[in-house]
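Hi,

Here is the structure I promised to pass on. Have a look at it first, and my notes follow below.

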Amino acid sequence: MLEETSTSSSAAAGASPDDLYRSPSAMGSTGDSSTSATAQALHFSSGNPRIEEIRGVMHLYRGDVASSSAQFPVERKPLISVLGVPNHMTYADFCKFCGSFIQHMLEMRIVRTEGLEDRYSILIRFDNQTSADSFYKHFNGKRFSSLEEESCRMFFTVDIQYTGSIEHSQHSPASSIEQPSCPVCLERLDQDTGGVLTTICNHSFHCSCISRWTDSSCPVCRYCQQQPEKSICYACQTSENLWMCVICGFVGCGRYREGHAISHWKETQHCYSLELETQRVWDYAGDNYVHRLIQSKTDGKLVELNHHCMPNGDGYSDTLLESEVEYIVNEYNELLTSQLENQKNYFESLLQEVEDDTERESSVAVEKALSQNPKLLKLQAKLDKFIEEKRFLDDINENLLRNQEIWESKIAEIEEREKKLLKLKNEKIEELEEQLRVMMASLETGGDDQPSNKLKDRSTSPLVAESSTKNGSRGSKKTTNRRKNKGPNPKPHSAPFQSSSLHSHAGAASSLNSVILNGEEIVKHFIKNMSLSALFSINNSISPALHRSLSLKPRSLSIAPVACLNVDVRAPDSSQNPLLHDKRSSEVIADDKEFIVGTYARSPVVLASGKGCKLYDVEGREYLDLTSGIAVNALGHGDPDWVLAVTEQSQVLAHVSNIYYTVPQVELAKRLVASSFADRVFFCNSGTEANEAAIKFSRKFQRFSDPDLKDPPVEFIAFTNCFHGRTMGALALTSKEQYRSPFEPVMSGVTFLEYGNTQAAVELIQSGKVAAVFVEPIQGEGGIYGATKEFLQSLRTACDNAGCLLVFDEVQCGLGRTGYLWAHEAFGVYPDIMTLAKPLAGGLPIGAVLVTKRVASAINFGDHGSTFAGNPLVCSAGIAVLDKISNPSFLASVSDKGQYFKDLLVEKLGGNSHVKEIRGFGLIIGIELDASASPLVDACQKSGLLVLTAGKGNVVRIVPPLIISKQELDQAAEILINCFPVLDQGTKN
């Protein structure tokens, strides 16, 4: 064991005449002439020069004696000196260097050789001569390390003689009870040397230097330096029996009997405490006084390997073989880390207690103040509401910034696509203009047979061919008839032109008449089959030539005017619709009751047409539409881009089976994937079908994910006030009992939880029985309730941990309704499955299920399908809707108009006694009333405003077309406010 010694008595402990350390007289009696001829003297010093220093002389055999002889010196002893050990090599390093012989060493002493300040020497006494010889042979001349040039130099030692000792500043204690100590470094020589003191400060001072250190941050050092006149306990202010925590500086009274010092130890586990009266350190864990072992490379302190400190008399323990110095250093570091951590936790707990107390007192004071003042209560409610709105807006801003780059890239892509489409349209227009130019030139020279033939070759043939392509067998039949009408008595106008061989005047007149009449058919056919936008462009540029050509006809040519070229909000002309001819509302309502199943409680309005945000009934009355077909007509009624897409696609291909590929379906799917979290899309016909597919996909996914599981998760979670559809699976997920009860039993395994109850949802998800969680980010039918980001994020985390799927139903709140393309983007939480429907095709029946690649991998051929789903007609309409709504400027206008209308309603209706709350996101807004909303909805309808109910019938639901203007919103607010008195009449009744 290495032991640091600072007194002469300990240095000579256990010495005898036969031992290593001899007195000068003994040295003289043993040193004969032969010995002195082969030995050399080397002066040394040992000990700590700051405390006590011991000097002496080592008598060594010369190196050439051992190296030049075949045998070692005859009179050698088991005593070896190792000279010139470099200072950077610690004592522990040397023990490791000679570790294989450590069990044979009885004593080891570190000494300093005069004249060598950067090196030290080591005296080693072995248990027998054989061990000493083996050690010499093994290590003499061996390098201390493969990276160093210094090698181990050894000499057999004849004898050692002490010449004297010098004491500095400290004296040996009078008794073993009063141990020498430094009040800063806390060095003690207790009988039990097992304890090692660890503190936040190394306390590396002695009495002679403590006053020189004046800016210490250590509370123990400051106490020893300043020596306050009267120390007191921090807890009870007593001045008796005080102890200071060496770790944190806490001063407490009493080591036993539940004094504050021992209480501090129990709370913090700071087990070392300085007794202020005696300045001794007590270890609560070891229940004894301890000293601190300090080791230095350069200060010359005494380090001994003393057999008196060994656990037994036969050898060293395994721990000593691993070098106790290294063990002590590691223990020091570990204890220091643990004590500092305990100290940190203790002070953090105190700080937390103070914060909790302060918060509790503040809450009590606020509640007391609010209870005494109702106005403050209302202000507090408004403040909470504004804070919630601010948080929501902050989330919106955060997501807008996050998605800025995505939208910029999408804008660039859309602009590039628009440029290509515009170029293609211009090329088509130029081609059509050229064809018309040729046709008109031919019409103007129609009396000449050669131009007639030229017209036949250049103009008629292509148009007839095009007609044949578009009209199928009908066009082929007409062509066949023309070929047959070459015989006698041809039918009038049966052939496009007369034969050029006729030269009579009558023949020429007949030929001219045929040219003109067939020219009429060509123009009518061309105008009839031309797209609206192309006709509008051509009409502006070539209408003069067209009118000149038509002036040649012998009889009037009737060309029907083109509708919808000039878009406005005037009532469209419905007089051409034979179904509406001479119809009255009362007749239609009566026929409805007679021939249609009564599943709808309809309002007594028969709508005939619509334009923009206006609807018109069969009598011509105008209504401002704030229902948009229950959030379907996002682009309003008769949007020109939507009409163009549907018209052009219906003339080409409206429907084919899903056993074939179609371009519009693939294009719409690509757009949906590019603008969302999803990787795959499944098309259907409605929102309830979309949720049915999501139910099937969820259960199939669970079986696919773990095919060996005997009972995979098959249950579902839905929430109060939710609405997911009316088919049997979606109906089972709908919370309103009046929808489910007439058709029970519905699908089992559905649990309804309170909307927003995070704890209940997480606990049920963690059960491992849930296949999927269905949730609406914003509940429409349920009363316009929005989820919180924390709620949705908790569901996302719980589902990820449990292997459960998260399904967002955005049938009503998705696709731009909230000012975001998808409602969940406002919360920054993304699902595994999302269901869409209402606005996607602008009024045509469509539904869609968007899934990740992970979910899609579980679905195989034949797992699900639909006959009409995703046909070319509805997908073309969907592309037109999605391209317009996904424009960032369009979405920004929705957010702006939604906030404008909400602020307007709050301003106008905030003080109304019937209004409990006005809530909403973008252009999905709810006004909760204290009574049924039906009278107000009916009154608004009679005043020309269409709105809906929601929730339990006490919420006015407002979901206008997303294209609505602020002027129309002002008009709607005025009508709504003027109709509110009807609620007062209902209260009186």
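To start with a small puzzle: is Gln 237 buried, partly exposed or exposed? Gln 237 is partly exposed, because its relative accessible area is 48%, and the cut-offs are under 20% for buried, over 50% for exposed and in between for partly exposed (1.4 Å probe, protein chains only).

Before you read on, keep in mind that this is a predicted model, where local features need pLDDT of at least 70 and side-chain atom pairs count only at pLDDT 80 or more, while totals for chains, interfaces and linings use all residues. Residues are numbered from 1 along each chain as its sequence is written, and side-chain values use heavy atoms, with hydrogens and water left out.

Now the overall picture. The chain has 31 helices and 31 strands, taken as DSSP runs (H or I, at least four residues, for helices; E, at least two, for strands) and numbered from the N terminus. Of its 989 residues, 45% count as buried.

Next, the rings. The whole structure holds 14 aromatic pairs; rings of Phe, Tyr and Trp (its six-membered ring) pair if their centres lie within 6.5 Å, with planes under 30 degrees apart called stacked, over 60 edge-to-face and the rest tilted. Phe 101 and Phe 135 have ring centres 5.5 Å apart and planes at 85°, so they pair edge-to-face. Phe 101 is in the loop between α5 (91-97) and β6 (105-113) and Phe 135 in helix α6 (residues 129-139), so this pair ties together parts 34 residues apart in sequence. Both are buried, and ring pairs link them with Phe 126 and Phe 139 into a cluster.

Phe 719 and Phe 791 are also edge-to-face, because their centres are 5.4 Å apart and their planes at 80°. Strand β19 (residues 715-719) holds Phe 719 and helix α25 (residues 789-802) holds Phe 791, so the pair ties together parts 72 residues apart in sequence. Phe 719 is buried at 1% relative accessible area, and Phe 791 at 2%.

Finally, some backbone oddities. Most residues other than glycine have a negative phi, and most peptide bonds are trans. Gln 237 has a positive phi of about 65° without being a glycine, and is found in the loop between α7 (219-226) and β9 (242-245). Leu 815, not a glycine either, has a positive phi of about 60°; with 4% relative accessibility, Leu 815 is buried. The peptide bond from Glu 744 to Pro 745 is cis, with omega near 5°.

Cheers
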